[in-house]
Amino acid sequence: MKNKRRPQVFVYFNEKSATPSSQQEAEQWGRVLRFKEDFPVEGLWWPYKRASQFERLLRMHLTSYLRHRFPTTVLGDHRPSPSNTGGFSDYFTVQKEVIDGHAHGYAGRGDACDFLKRFLNNHTCGYVFIYGYPGQGKTAFCSDLICRYGYVHHLAGISGGRNDVRLMLRSLLSQIPLSLQYSPRLPDSLQELSKLWEETLIFCGKTKPIVIVLDGLDELPREQMENLRFLLPERLSHGVFLILALRPGQLLDVIRDHTSSVESVMYELGPLASEDIELLVRKELTTVTEAALNRIKMAAMGSPLYVRSLINELRVHPDFDLSDLPPTLEGLFRRATHFASEAGAEGIRRVLGLLSVTRKPLSIPEMQQMTQLSHREVHEGVVYALRPFLVETSATYRFYHQSFLEFVVHKVLFSEELLSAHAMIAAWLQGPQGKETDYYWQYLADHLLESGDYEGLEQEISTPFLVEKSRRYGYVVLDDIDCVIKAMLAANRPSAVEKCVNLVEELECSVGEAIIRDASRKLSRRESSPGTSTLTLEPQEKPVLPGLDIYIKSTAGVDVSADFYEIVPTDDGCSVAIGDAPGTGLKSAFVGRFIGHFFRRRLNTKYPARSLEDINFFVEYVRLLRANIDAMYAPQSRRRRFHNLKRWSSRFSSFLKAKRQVRSVVGAGRTATRLYTPDPSS
Amino acid sequence: MDSELQRLRLVVASPSDVSAEREIVPRVAEEINSSFGTDRGIRLEVIRWETDAHPGFHPSGPQGLIDPILRIEDSDLLIGIFWKRFGTPTADSLSGTEHEIRLAFEA
């Protein structure tokens with residue numbers, strides 16, 4: 001009975017942490033680790049941490065192995081002979097290609113399978129609604145079920161008549177074994193087919209439980225939707241189960257109403273779990289490294305569509321940059337956003353604008369309030385259409401990949417629409433709904449700046465605002481001062497320099513550096529969850545040392561420093577400024593940021609040497625400010641300090657008025673060292 | 001009817017500290033047999049030392065008794081499971097489990 005082939009080997013390593021209680025146990029564990037390291041490359045092995053995870057992996061690997069070794073024969077065996085069907089098969093042969101294409105390389109969704117299994121085991125009949133937005137893998141899930149269990153099925157599609165209910169019924173009936181057919185002859189009319197369908201299901205159910213999988217009913221044209229009542233019985237007899245996979249929306253509600261007298265359950269196919277992504281990737285890319293796998297997980301953020309696109313791309317181009325958008329996805333995105341270019345899509349464009357410029361995920365009610373559109377316009381007009389390209393977190397949405405965002409910003413929307421989106425958010429933040437949110441404190445200044453409303457920015461980002469913000473968020477207040485600096489330089493209004501300096505001065509006098517630092521420390525403790533940068537900095541794998549439980553934690557620094565960098569694109573490359581101002585704290589950081597923005601604003605690459613000279617001219621003023629900062633700790637009167645600042649801002653105003661051009665790299669060091677300045681004429 | 005099924009030998013190889021996982025294997029196999037296996041006419045037969053081996057003496061040690069029962073070279077599938085124990089050394093390997101996995105690769 002044994003085949004000629006070598007046994008298929010699957011090895012599983014439990015990675016649950018434990019503490020060896022003796023030297024012998026430590027040695028044993030060490031041998032396991034060495035064996036794992038030396039495991040033959042042709043062998044398949046997987047890590048797991050819980051018995052339930054092991055069970056899921058094992059089930060998946062065994063069924064996958066058997067599926068490939070023993071391909072299903074149910075379709076061929078059960079199809080009626082040509083004599084019964086007028087000379088050709090009623091089964092849609094193209095479906096086999098679709099099923100094979102989706103089931104090949106399929107893995108994961110163990111929770112959905114368990115859910116389905118529980119329902120089938122604990123009920124005598126019923127409907128199972130598997131719902132999910134486009135790209136969540138509904139067809140792949142159905143294909144896997146069909147392949148694995150040989151269920152009777154139909155995958156609706158827009159081509160080849162697969163969206164015609166009459167033909168669908170013929171195809172479904174043709175898959176039921178002749179021994180279970182209520183009648184061997186297939187009638188032509190829809191009503192007669194529907195009658196035969198219901199009678200056959202009753203007959204089948206009495207003999208043996210039957211499961212029917214229907215995918216993509218929402219692909220049916222409007223006129224065919226009416227005919228769905230012929231396909232979906234209002235009552236099911238014992239032993240009959242229908243699994244329907246479709247998108248959430250009106251059709252799902254209508255079908256649920258239509259079948260409300262039958263037991264039914266709903267299951268949402270949401271984002272893929274991390275372990276499901278791992279299964280999918282490892283199955284297709286057997287040599288993938290742990291680091292690459294983690295990067296795929298981070299890039300895909302649970303989107304099956306994204307994972308699949310990445311796998312396909314990496315198969316063809318193993319050196320594909322994982323931070324880039326897979327080309328197939330960009331094509332899909334182009335098609336998905338096509339509706340925004342049609343006439344009468346102004347509302348849609350406004351919502352797209354919001355999603356493009358928002359600094360936090362937005363809920364549908366928030367988008368409604370900002371745009372004054374209806375819930376339906378926001379939900380069905382944009383969110384629903386773009387659902388595969390959005391990340392949903394607690395009913396809020398944002399683009400899940402930077403490339404999508406860039407696509408909308410550069411290819412779909414005009415720059416004035418983006419300004420308008422910033423203005424919409426800023427207006428909402430200043431209104432009753434927005435003012436109570438953290439978003440108001442965190443990003444009002446940013447949105448006012450980006451909308452070009454410099455006057456509004458000066459009015460809103462006042463000393464009381466900054467004082468309150470610094471008490472709540474500590475040094476984050478520097479972001480607002482940053483915005484004021486940028487607005488000042490953009491407007492080229494020298495008087496604003498004084499305002500900016502005054503803001504810093506008043507803020508420090510009103511709140512005090514100690515309180516700001518304390519607020520930052522509290523905020524740092526509260527935000528203990530790791531951010532993206534933290535995850536990147538931390539080692540991807542915890543080292544395993546027998547006898548040691550290892551934990552890794554990153555803690556952000558609280559103090560702000562005055563180092564800065566600016567990169568400004570130029571015609572022939574870019575200019576880079578890297579600098580540092582003395583000390584730490586609010587004023588030092590202000591100086592650093594001011595110089596950075598000043599560099600960006602005034603850079604002219606035509607005469608680099610002259611630029612250096614101009615920067616040095618500016619650095620002199622920085623020294624004046626530094627003197628003032630140092631004076632904070634010296635026995636010097638407040639009046640005197642204030643005088644220094646005033647003198648600095650006054651001289652800087654003169655500088656701006658003279659419109660001297662800064663043309664080169666800036667460096668503000670602890671001792672305000674002068675930079676090498678070649679002859680300006682060279 | 002049962003004799004028409006194609007039988008596939010599935011051998012479980014592991015040290016003794018993963019007994020929970022060893023119990024899972026026959027359960028999953030039975031589940032697959034009753035659904036997928038019925039449709040395709042196949043049956044997984046799980047072979048484990050705790051249920052299939054018997055006590056005795058062998059010149060090559062205990063593994064010499066187990067090998068003819070497991071018949072790894074005649075098997076279709078081998079499931080290896082490890083946690084923190086590697087197992088007891090045999091004549092040619094650092095553990096019985098390693099010996100069984102190597103047999104499968106060399107078959």
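**Exercise 1. Determine whether A:Gly108 is buried or exposed in this predicted model, and where it sits.**

Solution. Start with the accessibility: A:Gly108 has a relative accessibility of 2% and therefore counts as buried, where buried means under 20% relative accessible area, exposed over 50% and partly exposed in between, with a 1.4 Å probe and protein chains only. Next, place the residue: A:Gly108 belongs to the loop between helix 4 (94-103) and helix 5 (110-122) of chain A, helices (H or I, at least four residues) and strands (E, at least two) being DSSP runs numbered from the N terminus. Then list its partners: leaving aside residues up to four places away in sequence, A:Gly108 touches A:Met60, A:Asp276 and A:Leu279, a contact being heavy atoms within 4.5 Å. Finally, take the C-alpha distance to A:Asp276, which is 4.4 Å in space although the two residues are 168 apart in sequence.

Residues are numbered from 1 along each chain as its sequence is written, and chains are lettered from A and ligands numbered from 1 in the order in which they are written. Since the model is predicted, local features need pLDDT of at least 70 and side-chain atom pairs count only at pLDDT 80 or more, whereas totals for chains, interfaces and linings use all residues, and side-chain values use heavy atoms, with hydrogens and water left out.

**Exercise 2. Work out which elements the salt bridge between A:Arg56 and A:Asp111 links.**

Solution. First apply the criterion, a side-chain nitrogen of Lys or Arg within 4 Å of a carboxyl oxygen of Asp or Glu; the side chains of A:Arg56 and A:Asp111 meet it at 3.5 Å, N to O. The pair links distant parts of the chain, 55 residues apart, with A:Arg56 in helix 2 (residues 51-69) and A:Asp111 in helix 5 of chain A. As for accessibility, A:Arg56 is buried at 17%, whereas A:Asp111 is partly exposed at 46%. To finish, consider the wider setting: the count is 26 salt bridges over all chains, and one network of them links A:Glu55, A:Arg59, A:Asp114, A:Lys117, B:Arg27 and B:Glu31.

**Exercise 3. Identify where confidence in chain A is lowest and where it is highest.**

Solution. Begin with the chain as a whole, whose mean pLDDT (the predictor's confidence in each residue, from 0 to 100) is 76, with 76% of residues reaching 70 or more. Confidence is lowest in helix 3 (residues 74-78), at a mean of 35, and highest in helix 20 (residues 415-430), at 94. Over residues 73-87 of chain A the pLDDT is below 50, and this stretch has 18 contacts in the model beyond near neighbours in sequence. Where pLDDT is low, the predicted coordinates should not be read in detail.
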